[in-house]
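Here are some friendly notes to read with the structure open beside you. Take the points one at a time, and find each residue as you go.

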Amino acid sequence: MAALNLAEPPPRPRLPEWLRIRLPTTESFARTRSLLDELKLHTVCESARCPNHFECWTKGTATFMIAGDRCTRACGFCAVTTAKPFALEADEPQRVAEATHRMRLKHVVITAVARDDLKDGGAEHFRRTIEAVRALNPGIVLEVLVPDFNDSDPAINAVLLAKPHIFNHNLETVRRLTPSVRSRATYDRSLSVLQKAKALAVDAIHTKSGIMLGLGETEVELFEALQDLRRVGCDILTLGQYLQPTLKHLPVKEFVTPEKFQKYGERAREMGFVHVASGPMVRSSYHADEFHLP
Ligand code: SF4
């Protein structure tokens, strides 16, 4: 009998049918690819190995990732590279604006790596990017998906000064699992960031957050997290299945069925979220344009 190799990680479980995706390469996918290459832009679609990459790019949408593609944190679920980041590129806001214009986006999602090396965590760069996008694309809906900025009021304020319509910051998981899933971030700090965004915004703003399921959370813990999000005034919620990007990342504990996602979505609506996207393939920015500003 062959000896068991304890150094080998366990094989990844087979994906259930509802998570299998076809990978078409269409002309519109190639157009998105070449535009992003030409403008030297990063997307979280690629960097985080998003399973919706093909669908979204074929539709001509993408989520821009500013401030480089090297993150100062190393979360157990995330495929973005952890390394010492490069300096910010002063013309990146303009390039994001140009891409948004050429892609004719009506709703843009802009995110960034965590830049703990910068005093403001990259908040000013967010502000400049939002302003550049709005200047070239009047009427566009602007959604930002921000890191926690270490809960700094000036940093959160800098982003809010540019008046994004939607301020998204992910809670990612339930309280108990946060220390093992996220690096440096804390559950309460994330709730605080969302609460501050509501309180500090001059005009009405929609706050949004997302939780990955399948990391070992219980239903009770999930509902507590949803309640905590409502307590800080969070309006929009995304619930999606966690998928292990590589064998070095946290394993999937459960493939949550589409029926359960539906049930959780209904429960969240009853709790008062004004818009909920809940399904195995849902990610923070997946079909983000389906939320219409009132
Ligand atoms: S869901 Fe978001 S991150 Fe994933 S491919 Fe679509 S736009 Fe990109």
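The points below go through the ligand, three helices, a cavity and two single residues.

1. Before you start, keep in mind that this is a predicted model. The values below are computed from that model, so please read them in that light.

2. Let's begin at the ligand. The residues surrounding the ligand are Val 44, Cys 45, Cys 50, Asn 52, His 53, Cys 56, Thr 63, Arg 283, Ser 285 and Tyr 286. Two helices, α2 (44-47) and α3 (53-59), each contribute at least two residues to this shell. By character, the shell holds five nonpolar residues, four polar ones and one charged one.

3. Next, look at helix α8, which covers residues 187-200. Does its length make sense? What span should 14 residues give at 1.5 Å a residue? The expected value is 20 Å, and the end C-alpha atoms of α8 are 20 Å apart, so the two agree.

4. Stay with α8 and ask which of its residues are buried. They are Tyr 187, Ser 190, Leu 191, Ser 192, Val 193, Leu 194 and Ala 197. These buried residues pack against α6 (153-161), β7 (166-168), α7 (178-181), β8 (206-213) and α9. As a general hint for reading such a list, an α-helix has 3.6 residues a turn, so residues three or four places apart point the same way.

5. One residue to pick out in helix α9 (residues 219-231) is Asp 228. Is Asp 228 buried or exposed? Its relative accessible area is 15%, and the cut-off for buried is under 20%, so Asp 228 counts as buried. Leaving aside residues up to four places away in sequence, Asp 228 touches Arg 175, Tyr 187 and Leu 191. Tyr 187 and Leu 191 are also among the buried residues of α8.

6. Helix α4 (residues 92-102) has its own set of buried residues: Glu 92, Pro 93, Arg 95, Val 96, Ala 97, Ala 99 and Thr 100. Among the elements covering them are α1 (27-38), β2 (63-66), β5 (107-112) and α5 (123-136). Just after α4, have a look at the backbone of Arg 104, where phi is positive at about 55°.

7. Now for empty space inside the protein. How many cavities of 30 Å³ or more are there? The count is one, and the largest cavity holds about 60 Å³. Its lining is made by Lys 208, Ile 236, Leu 237, Thr 238, His 275, Ala 277, Ser 284, Tyr 286, His 287, Ala 288 and Phe 291. The elements giving two or more residues to this lining are β9 (236-241) and β10 (275-278), and β9 has the largest share, with three residues. The lining divides into six nonpolar, four polar and one charged.

8. His 287, one of the lining residues, sits in the segment after β10. At 23% relative accessibility, His 287 counts as partly exposed. Its contacts, not counting residues up to four places away in sequence, are Glu 55 and Lys 59. His 287 is 10 residues from Ala 277 in sequence, and their C-alpha atoms are 8.6 Å apart.

9. Finally, find Arg 20 in the segment before α1. Arg 20 is partly exposed, at 39% relative accessibility, and touches Arg 14 and Leu 15, again not counting residues up to four places away in sequence. Arg 20 and Val 109 are 89 residues apart in sequence, with 25 Å between their C-alpha atoms.

How values were computed:
Residues are numbered from 1 along each chain as its sequence is written. This is a predicted model: local features need pLDDT of at least 70, side-chain atom pairs count only at pLDDT 80 or more; totals for chains, interfaces and linings use all residues. Side-chain values use heavy atoms; hydrogens and water are left out. A residue is near a molecule or strand if one of its heavy atoms lies within 4 Å of it. Helices (H or I, at least four residues) and strands (E, at least two) are DSSP runs, numbered from the N terminus. Ala, Val, Leu, Ile, Met, Phe, Trp, Tyr, Cys and Pro count as nonpolar, Asp, Glu, Lys and Arg as charged, and the others, Gly among them, as polar. Buried means under 20% relative accessible area, exposed over 50%, partly exposed in between (1.4 Å probe, protein chains only). Contact means heavy atoms within 4.5 Å. The expected span of a helix is 1.5 Å times one less than its number of residues. On a 1 Å grid over the protein atoms alone, a cavity is a set of points where a 1.4 Å probe fits but cannot get out, and a pocket is an open set with protein on both sides within 12 Å along at least five of seven lines; lining residues have an atom within 4 Å of a point. Grid points are joined across faces, edges and corners, and a volume is the space filled by probe spheres set on the points.
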